[in-house]
Amino acid sequence: MKRKIPQVYQIKEPLEAERYLINGELKQWSGKMTPVNSTISSTEKHQPTYLGSVPELEEEQAHEALDAAVKAYDKGKGDWPTMRVSERIQCIRMFVRQMEQKRAIIVKLIMWEIGKNLTDAQKEFDRTVKYIYDTIDDYKQMDRDAAKFEKQSGVYAHIRRGPLGVVLCLGPYNYPLNETFALLIPALIMGNTAVFKPAKFGVLLTTPLLEAFCSSFPAGVVNVLFGRGRVLAAPIMKTGKIDVLSLIGNSQSANALIDVHPKSNRLRLVLGLEAKNPAIILPHADLDLAVRECINGCLSFNGQRCTALKVLYVHEKVKDAFLEKFNNAVDDQKFGDPWEDTLLTPLPEPDKPTYIQELIDDAVEKGAKVMNKKGGQHFDNYIWPAVLYPVTKDMRVYQEEQFGPIIPVISFTEIDQPLDDMADSNYGQQVSLFGKDVQNLSPLIDTLVNLVCRVNLNSSCQRGPDVYPFTGRKDSAKSTLSVHDALRSFSIRTFVATKDNPQNLEILQEILDNKQSSFIRTDYLL
Ligand code: G3H
């Protein structure tokens, strides 16, 4: 029987969002609309809930958006890239203040569109707002640090970080607000202009922010499109006018876009891609703690996180004890609608349960067993997480990034087994290492830091806190993101140099005194 949906979270009226943003204008779309449905039912008999619709824009609008962003950048002469730091910050502030007013509707849409539970949906919103304020603070610090001249070997230099140009920003469905804005906001604050397209799911929740984008930024600085990547993103990449591709998603779609860009050295890449983060559970690990962290690592947001634990390596000596505790813990979790705030919530992709079932069938056929009682049970919009053991390399669940509720387990006797697998893997984001024996842990940590970019000791993998570097090796990422690193990733060091002689010094002094240059100045932003 359908649980009652609290009044405040019910969908009373669908949101028909017919507008998109190009060149500072909120345009009305009269063409085809894409319906947005939730896999969460509003009725007793299960059926998808219609949430509203967004424009299905065409190639023509994509080119219009690109032209607007190119014009706003205007070969580096545009108002935005030459604007004073303080003025750009004012625009970002104006935007974030308006965004804060939209918390309730955005949190509600995060729950309906992608099935994220209430606490995590609120966290996603609040974390994004904090990220924007932290970005402003970091940018001010960067500006203060650069407000000086250096002199080496008789040459004066005034060094800052400058924008790269036009950014194409494509976000993922699992963090439609946070990960997208963690690209877009640093890109904008550094003086770039942008074309932004939300992901397949989590798209309606962008629409309450269109007016804030429109009123906070000069024309053409941010352009927001809705529609299919193939129709919108590929054609504008083909023009060669995109300077930065910033994308959180998978390497296949990133590579397809990179391949059509005709000027590979012009194109900078800021990519957060797939991962297959392992947990390694050593014989001396605190098993209760390892179970708790692995539950969280494998199953928060149903494993639909690039940082999720996607394979567990358990030492043969503790395999049985670990599995017994872990299987029970998986089956003890609660499943419910997002506002019930359970760990397990509906999957937003209607065909995901079928895909997960395929992975289970393939693994079982090749010799694995479903270890937990509820594993693989089907619901209308969910499949209960299956713990699979023993998993081998020929299984799809070993090879593919499952991005969903299924947990492959491998046992090992020699530590070289997980280490070799990690070295052979196409991914290299993070690892969770569980153990207490320092003699054993120390050399292992020294190796693991060379295979991935974050070793989580007795803790599950995660991106946050956002001030820490978020990156990966191989197919897992390009460039580094953090509040500070993102500002670096979306900019380049550029400087003014002059030989030390009286005439040059006089010119520099005059430029400083008349305060007309946004670049050459030594005043401080407090
Ligand atoms: O999808 C990948 C996200 O960056 C993961 O972030 O570890 O904070 O959930 P998180």
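How many nonpolar, polar and charged residues does the lining of the largest cavity have? The legends below begin with that view. The model is predicted, so that local features need pLDDT of at least 70 and side-chain atom pairs count only at pLDDT 80 or more, while totals for chains, interfaces and linings use all residues. Residues are numbered from 1 along each chain as its sequence is written, and side-chain values use heavy atoms, with hydrogens and water left out.

**View 1. The largest cavity and its lining.** By class, the lining has four nonpolar, five polar and no charged residues, where Ala, Val, Leu, Ile, Met, Phe, Trp, Tyr, Cys and Pro count as nonpolar, Asp, Glu, Lys and Arg as charged, and the others, Gly among them, as polar. The lining residues are Leu271, Gly272, Gln429, Phe470, Thr471, Ser476, Ala477, Ser479 and Leu481, and the space in this cavity comes to about 50 Å³. A cavity is a set of points, on a 1 Å grid over the protein atoms alone, where a 1.4 Å probe fits but cannot get out, and its lining residues have an atom within 4 Å of a point. Grid points are joined across faces, edges and corners, and a volume is the space filled by probe spheres set on the points.

**View 2. The second largest cavity, with lysine 116 and phenylalanine 301 in its lining.** The structure holds two cavities of 30 Å³ or more, and about 40 Å³ of space lies in the second largest. Its lining consists of Lys116, Asn117, Asp120, Ser300, Phe301, Thr342, Leu343 and Thr345, which divide into two nonpolar, four polar and two charged residues. Lysine 116 lies over the face of phenylalanine 301, at 4.8 Å from the ring centre; a charge sits over a ring if NZ of Lys or CZ of Arg is within 6 Å of the ring centre and within 35 degrees of the ring normal.

**View 3. The stacked pair of tyrosine 9 and tryptophan 339.** The structure has 18 aromatic pairs, counted where rings of Phe, Tyr and Trp (its six-membered ring) have centres within 6.5 Å, with planes under 30 degrees apart taken as stacked, over 60 as edge-to-face and the rest as tilted. Tyrosine 9 and tryptophan 339 form a stacked pair, at 6.1 Å centre to centre and with 20° between the planes. This pair links distant parts of the chain, 330 residues apart, with tyrosine 9 in the segment before strand E1 (15-16) and tryptophan 339 in the loop between helix H11 (316-332) and helix H12 (352-365). Helices (H or I, at least four residues) and strands (E, at least two) are DSSP runs, numbered from the N terminus. Tyrosine 9 counts as buried at 18% relative accessibility, and tryptophan 339 is buried with a relative accessible area of 9%; buried means under 20% relative accessible area, exposed over 50%, and partly exposed in between (1.4 Å probe, protein chains only).

**View 4. The edge-to-face pair of tyrosine 173 and phenylalanine 201.** The ring centres of tyrosine 173 and phenylalanine 201 are 5.6 Å apart, with 80° between the planes, and both residues are buried. Tyrosine 173 lies in the loop between strand E8 (166-170) and helix H6 (178-189) and phenylalanine 201 in the loop between strand E9 (193-197) and helix H7 (210-216), so the pair ties together parts that are 28 residues apart in sequence.

**View 5. An aromatic cluster that includes tryptophan 80.** Trp80, Phe95, Phe181, Phe196, Phe213 and Phe217 form one aromatic cluster. The charged end of arginine 88 sits over the ring of tryptophan 80, 5.9 Å from its centre.

**View 6. Cysteine 169 and cysteine 298 in a structure that holds zero disulfides.** A disulfide is a pair of cysteine sulfur atoms within 2.5 Å. The sulfur of cysteine 169 is 15 Å from the closest cysteine sulfur, in cysteine 306, too far for a bond, and cysteine 298 is in no disulfide either, the nearest cysteine sulfur, that of cysteine 294, being 5.6 Å away. Cysteine 169 is buried at a relative accessible area of 0%, and cysteine 298 is buried at 3%.

**View 7. The cis peptide bonds at proline 390 and proline 465.** A cis peptide bond joins tyrosine 389 and proline 390, with omega about -10°, and proline 390 lies in the loop between strand E16 (386-389) and helix H13 (396-399). The bond from glycine 464 to proline 465 is cis, with omega near -10°, and proline 465 is placed in the loop between strand E20 (454-457) and strand E21 (473-474).

Notes: On a 1 Å grid over the protein atoms alone, a cavity is a set of points where a 1.4 Å probe fits but cannot get out, and a pocket is an open set with protein on both sides within 12 Å along at least five of seven lines; lining residues have an atom within 4 Å of a point.
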